[in-house]
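Trainee: Got a few minutes to go through this structure with me? I'd like to take it piece by piece.

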Amino acid sequence: MTGKNDKDRVLIVNGGNGAEQAEVLPSFDELTPRQIVAELDKYIVGQNAAKRAVSIALRNRVRRQKLSAEMAEEVLPKNILMIGPTGVGKTEIARRLARLAGCPFVKVEASKYTEVGYVGRDVESMVRDLVETAIDMVREEKLDEVAERAEQAAEERLLDLLLPSMPTSVEITGPGSEAQRQEQASRTREKLRAQFRDGKMDSRMVEVEVRERSIPAFEIVSNQGIEEMDINIKDMLSGMFGQQKKKRKMSVADAFEYLIQEEEHKLIDMDQVTRTAVERAEQMGIIFIDEVDKIAGRESGHGPDVSREGVQRDILPIVEGTTVNTRYGMVRTDHILFFAAGAFHVTKPSDLIPELQGRFPIRVELQSLTEADFVRILTEPKNALIKQYVALLDTEAVKLQFTDDAIAAIARFAANVNEQTENIGARRLHTILERLLDEISFDAPDLKKKTVKVDEAYVQKQLADIVKDHDLSRFIL
């Protein structure tokens, strides 16, 4: 199954002059590994080995869908273990891959989970989170399908609310009066429709019947407590108390938005949404488990690390393939694709329990970023940081221009600070740029000269002293 990716997809991107351009992406079934890598290259610099690995994993999902049902059931996903320092693109690769394929995706941190019996999150909650993401995705798709019909129905309901407050100016009596009354009512309705569409009635007040939920005492129950129960308390309570209706006065504009939402919920079959979402989560879901190195290592027998191996053993059946009880029914994890990632500075992949190691057959090492990589990260990707800051300040009519030597200097400073303090990869560029553009961002609304050039001299002036002082750079950059 391919969900919403049966046809070519159109992605709207901003052109260089601010105009929107349509970019047609291939359908999920037609994405070759080479095309997947090319799409990832638009957002992530370098790390070709990791891109190749994930592109093959995604393509294998397409191949599996073309197999017979019996053989497809036997073909399990090839889970991937990414090894590399923070800030080199591990999470971004997985997130972009999921977005490219239209797959449900969740990112979790292994260090947030504890062994069953300890206080903390239960590892099965990652599957529940994935199903919730899939539900949201499918619901959004269905909303797009019914949006036009919902708007039309909401408009008719709104006109029904407005018409009683618009009495006819002339009372019609005699033969044929009923037909004339209907004709006049129709003319009045169309006149109202035209005024509403022109926005002339947005501020008029109408009385709308709204549904209210009144369970404040129970809303404070934590999701963590609820997720472990077979019966979802919130659903049960909303069924008991959530059908109360009350008339509320609101503007025509607000009433229209509320009525659209009501009509959308009427038109959407939530049972079908649930079935589709559960199937999509089972067959196409991607779970990214970050900081897996934090749960590696043998038991110390005391202290906060006592449950590390226990967490690995709890994660094992999820990755291996089991069924998890969710509020939408039982969900199988056999064909969910898992990414695990960690820096492995202190521990190493072989410190994971053997059973879990065996469930991640593909291992890729991501390289630390160099000064040259930083230059490319600042300028090449579609979401490059330089482009983001230029766009942000353009909203204040400030034209921000970076010279090539300024970009080279920023990359050099970022690389130096990473070497001298802690290597946080490309995330260092965020802190460097924020410090560099602090004055410009603060003064932007008041600047008389609306073209600002950032050259190497400006970069040196703003950053050189801080970078030289190790103590300052440790705290500021």
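Mentor: Sure, and let's get one definition down before we start: buried means under 20% relative accessible area, exposed means over 50%, and partly exposed is anything in between. Keep in mind that this is a predicted model.

Trainee: Then is lysine 246 buried, exposed or partly exposed?
Mentor: Lysine 246 sits in strand β6, residues 244–251. Its relative accessible area is 47%. The exposed class starts over 50% and the buried class ends under 20%, so lysine 246 is partly exposed.

Trainee: How far apart in space are lysine 246 and valine 210?
Mentor: In sequence, 36 residues separate lysine 246 and valine 210. Going C-alpha to C-alpha, the spacing between the two is 5.4 Å.

Trainee: Which class does each partner fall in for the salt bridge between glutamate 39 and lysine 42?
Mentor: The N to O distance in that bridge is 3.1 Å. Glutamate 39 has a relative accessible area of 14%, under the 20% cut-off, while lysine 42 comes in at 26%. So glutamate 39 is buried and lysine 42 is partly exposed.

Trainee: What parts does the salt bridge between arginine 193 and glutamate 155 tie together?
Mentor: Those side chains meet at 2.6 Å, N to O, and both residues are buried. Arginine 193 belongs to a helix covering residues 177–197 and glutamate 155 to one covering residues 125–162. The pair therefore links parts 38 residues apart in sequence, namely helices α6 and α5.

Trainee: Which residues are joined with them into one network?
Mentor: The link comes from salt bridges that share partners. The network is made of Glu155, Glu156, Glu190, Arg193 and Arg197.

Trainee: How many salt bridges does the count come to?
Mentor: Besides the ones we've covered, there's one between aspartate 122 and arginine 128, with the closest N and O atoms 3.5 Å apart. Aspartate 122 and arginine 128 are both buried. The count comes to 29.

Trainee: Why is helix α4 said to be largely enclosed by the rest of the structure?
Mentor: Helix α4 runs over residues 90–101, and its end C-alpha atoms are 17 Å apart, in agreement with the 16 Å its length should span. Its buried residues include Lys90, Ile93, Arg96 and Leu100. It's called largely enclosed because the buried residues number nine of the twelve.

Trainee: What phi does glycine 102 take?
Mentor: Glycine 102 comes just after α4. Its phi is positive, at about 70°.

Trainee: Which helix gives the most to the largest nonpolar core?
Mentor: That core has 64 residues, and Met82 and Phe339 are among those with the most contacts inside it. Beyond its neighbours within four places in sequence, methionine 82 touches residues including Val54, Ile93 and Phe339. With nine residues, the top contributor is helix α16, residues 404–420.

Trainee: How many residues are in the second, separate core?
Mentor: Among its members are Ile83, Ala134, Ile268 and Val278. The second core has 41 residues.

Trainee: Where in the chain is confidence lowest, and where is it highest?
Mentor: The chain averages a pLDDT of 79, with 78% of residues scoring at least 70. Two stretches where pLDDT stays under 50 are residues 214–231 and residues 300–306. The lowest mean, 40, belongs to helix α7, and the highest, 92, to strand β9.

Methods: Residues numbered from 1 in each chain as written. Predicted model: local features only at pLDDT ≥ 70, side-chain atom pairs only at ≥ 80, totals over all residues. Heavy atoms only, no water. Salt bridge = Lys/Arg side-chain N within 4 Å of Asp/Glu carboxyl O. Buried < 20%, exposed > 50% of the residue type's maximum accessible area, 1.4 Å probe, protein only. Helix = DSSP H or I, 4+ residues; strand = E, 2+ residues; numbered from the N terminus. Core = buried A, V, L, I, M, F, W, Y, C linked by side-chain atoms within 4.5 Å. Contact = heavy atoms within 4.5 Å. Expected span 1.5 Å × (residues − 1). pLDDT = per-residue confidence, 0-100.
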